[in-house]
Amino acid sequence: MVSREGPGTVPSQRPLTMPTYPSNCLQFAKTIEGTLPTLPKPTSGSLGLNILVVGAGLGGLVTAIALTQAGHKATIYEQTAVLGEVGAGIQIPSNSARILFKLGLESYLKPYVTTPESISFRRWQNGKVIGKTRLIPDFVNNFHAPYYVVHRADFHSALYQKAQDMGIQIRLGARVVDYDSALGSITLEDGTRYTGDLIVAVDGIKSVARNVILDGEKMLFRNPGFAAYRAVVDVNRMRNDPDVSWILERPGLNIWIGDSRHVMTYTIGAGKAFNMVLSHPDTSDPATWDVQTALQAMKIEFLGWDPVLTKIIGMVEKTIKWPLVSGSLLNRWTRGKLVILGDAAHAMLPYMSQGAAMAVEDGVALARSLSYMQSQEQLTEALAIFEKVRILRAGQMQEASLLNGQLWHFADGPMQEARDAAMEPEVEGLSFSHSPNQWSDPATQMWCYGYEAEREIDQAWAEWRGLRKE
Ligand SMILES: Cc1cc2nc3c(=O)[nH]c(=O)nc-3n(C[C@H](O)[C@H](O)[C@H](O)COP(=O)(O)OP(=O)(O)OC[C@H]3O[C@@H](n4cnc5c(N)ncnc54)[C@H](O)[C@@H]3O)c2cc1C
């Protein structure tokens with residue numbers, strides 16, 4: 001390759017080139033303007049597409065906000081008459097928070113979020129800390145956004161409020177029963193039909209739109225054989241008990257891990273409630289689950305675990321059991337003028353706490369890819385580039401989530417001992433180059449939380465243009 005600077009340029013004065021291999025060695029140079037080449041950005045103005053968004057879950061709302069900010073007209077069609085979110089807590093990891101801030105959501109989220117200081121992995125039997133990730137200040141310093149936990153209902157209403165403030169129309173009680181992907185139209189249950197330049201279906205794990213994309217072929221779910229009890233404990237009850245009150249003193253995530261089971265906990269509602277997700281082996285048919293016996297069954301699952309944990313479990317007054325499944329890797333997310341994203345495209349085990357975060361990344365990635373269109377004829381390219389970039393990322397996150405389902409669940413024995421030994425340096429505050437704790441492992445951390453969805457789209461468009469020139 002011929003150097004652009006000509007033969008006389010001193011090598012140390014030449015502009016740096018981002019390596020094509022995974023490396024952080026040029027992070028320092030990002031702080032000095034002009035030292036790294038920048039990717040071309042979308043230059044044409046927005047085409048102002050008329051976009052029909054199906055689903056007003058977390059993914060649908062974020063996508064509509066991102067599309068509207070990019071200059072399109074987004075209208076949301078949601079089947080339920082009353083909006084809401086089922087379940088209690090949700091983590092907003094830094095890769096998601098960074099995007100939400102850019103979309104202008106910081107002030108909408110601030111009143112509701114808790115910012116945990118760290119994530120502690122604890123031994124199932126006695127609660128001993130066996131792995132530790134420092135979130136404050138490390139995640140803000142390295143990934144330029146905090147790591148939040150929040151009540152789902154609060155996260156949802158923050159997005160809803162922002163969408164309202166932006167004038168986005170949300171039609172409730174509007175169940176989509178049919179799609180015409182060639183025309184870009186949807187038909188509602190009452191027979192009314194709407195046509196747009198693009199339909200974005202964010203209609204969740206049971207997606208109808210996915211069937212259209214796959215042309216009637218069913219996506220196979222990977223059932224790793226787990227279910228989760230979800231519960232919330234009254235913090236006042238915990239504060240009055242000296243055996244467990246210490247866990248509320250500093251905001252943190254605590255995960256007890258053991259044979260085939262784990263319990264993830266953190267406070268939500270800005271410290272007002274204690275959220276628990278209790279994962280355990282279960283291959284039974286959800287249709288046979290009985291809400292009356294769930295509480296008792298949950299307590300039996302964790303008999304013999306750390307007395308602090310079982311005491312907190314004893315304070316749970318009601319719980320719901322939730323099936324945990326992972327979607328399989330799809331080879332397409334688009335057909336004609338229809339695209340799916342969020343859980344519809346990439347349902348995953350919640351073991352990386354990244355399902356909704358992937359929908360947030362999808363939303364801005366789609367908006368960015370559409371910004372490169374110079375005419376309506378380029379919709380196919382814009383969707384193909386979006387699909388290529390996002391299938392790779394979300395597929396890897398599905399894989400990382402499944403891997404945690406193995407790493408956390410070793411029975412006591414050589415693998416568990418080797419895993420715990422590998423996490424010792426992070427607990428002792430020593431330096432380390434690898435960790436089975438995927439929040440700490442340096443390579444996984446940079447891939448997971450340092451990912452920049454818009455940059456990946458810019459890169460893919462640049463490559464596509466390069467390929468087209470040849
Ligand atoms: C136990 C558990 C813990 C989790 N923890 C985390 C976490 O900590 N962090 C994280 O990022 N993710 C987490 N997730 C994943 C996260 O909850 C999901 O990935 C996310 O909520 C998916 O959002 P969505 O908008 O794609 O789908 P949904 O939330 O399912 O929304 C789909 C919407 O579409 C509507 N809809 C469906 N069909 C139609 C139709 N035909 N017409 C009109 N509307 C329709 C539905 O009513 C719904 O409102 C967790 C999941 C579980 C189960």
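Asp215 counts as exposed in this predicted model, because just 9 C-beta neighbours fall inside 10 Å, and 12 or fewer is the limit for that class. Asp215 sits in the loop between α6 (209–213) and β12. Its phi is positive, about 55°, although Asp215 is not a glycine.

**Backbone and loop positions**

His144 also has a positive phi, about 60°, without being a glycine. The loop between α4 and β6 holds His144. How exposed is His144? His144 is partly exposed, because 13 other C-beta atoms lie within 10 Å, a count that falls between the limits of 12 and 20.

Pro137 lies in the loop between β5 (129–134) and α4 (138–143). A cis peptide bond joins Ile136 to Pro137, with omega about 0°.

Leu103 occupies the loop between α2 (94–102) and α3 (106–109). Leu103 counts as buried because it has 20 C-beta neighbours inside 10 Å, and 20 is where that class begins. Apart from neighbours within four places in sequence, Leu103 is in contact with Ile65, Ala66 and Gln69. Leu103 and Ala357 are 254 residues apart in sequence, yet 14 Å apart in space, C-alpha to C-alpha.

The three loop residues with a burial count are set out here.

| Residue | C-beta atoms within 10 Å | Class |
|---|---|---|
| Leu103 | 20 neighbours | buried |
| His144 | 13 neighbours | partly exposed |
| Asp215 | 9 neighbours | exposed |

**Strands and sheet**

An open sheet holds 6 strands in the order β7-β2-β1-β11-β18-β17. Its pairing is mixed. The edges are β7 (169–171) and β17 (334–335), each pairing on one side only. Within the sheet, β11 (residues 198–201) and β18 (residues 338–340) pair in the parallel sense over 3 bridges. Ile199 stands opposite Leu338 of β18.

Another pairing involves β3. Strand β3 runs antiparallel to β6 (residues 148–151), and 4 bridges join them. Gln91 has Val149 of β6 as its bridge partner. Which residues of β3 point the same way as each other? Gly89 and Gln91 point one way, Ile90 and Ile92 the other, and all are buried. In a regular strand, side chains alternate between the two faces of the sheet.

**Core**

The largest nonpolar core has 124 residues. Val54, Val200 and Leu341 touch the most other members. Helix α12 gives the largest share of this core, 10 residues. Beyond its neighbours within four places in sequence, Val200 is in contact with Ile51, Val53, Thr63, Val339, Leu341 and Leu366.

**Ligand shell**

How many residues surround the ligand? There are 32, and the closest are Gly55, Gly57, Gly204, Gly342 and Gly355. Elements giving two or more residues to this shell are α1 (58–69), β3 (89–92), β12 (221–234) and α12 (355–371). The largest share, 4 residues, comes from α12. Helix α12 thus gives the largest share to both the shell and the core. By class, the shell has 15 nonpolar, 12 polar and 5 charged residues.

**Annotated span**

An unreviewed UniProt entry annotates residues 50–397 as "domain: FAD-binding". In the model, this span is 34% helix and 29% strand. The C-alpha atoms at its ends lie 31 Å apart.

Technical notes:
Residues numbered from 1 in each chain as written. Predicted model: local features only at pLDDT ≥ 70, side-chain atom pairs only at ≥ 80, totals over all residues. Contact = placed C-beta atoms within 7 Å. Pairing = 2+ DSSP bridges. Near = placed C-beta within 6 Å. Nonpolar A, V, L, I, M, F, W, Y, C, P; charged D, E, K, R; others polar. Core = buried A, V, L, I, M, F, W, Y, C linked by C-beta atoms within 7 Å. UniProt positions renumbered as here; feature names shortened; annotations may be inferred.
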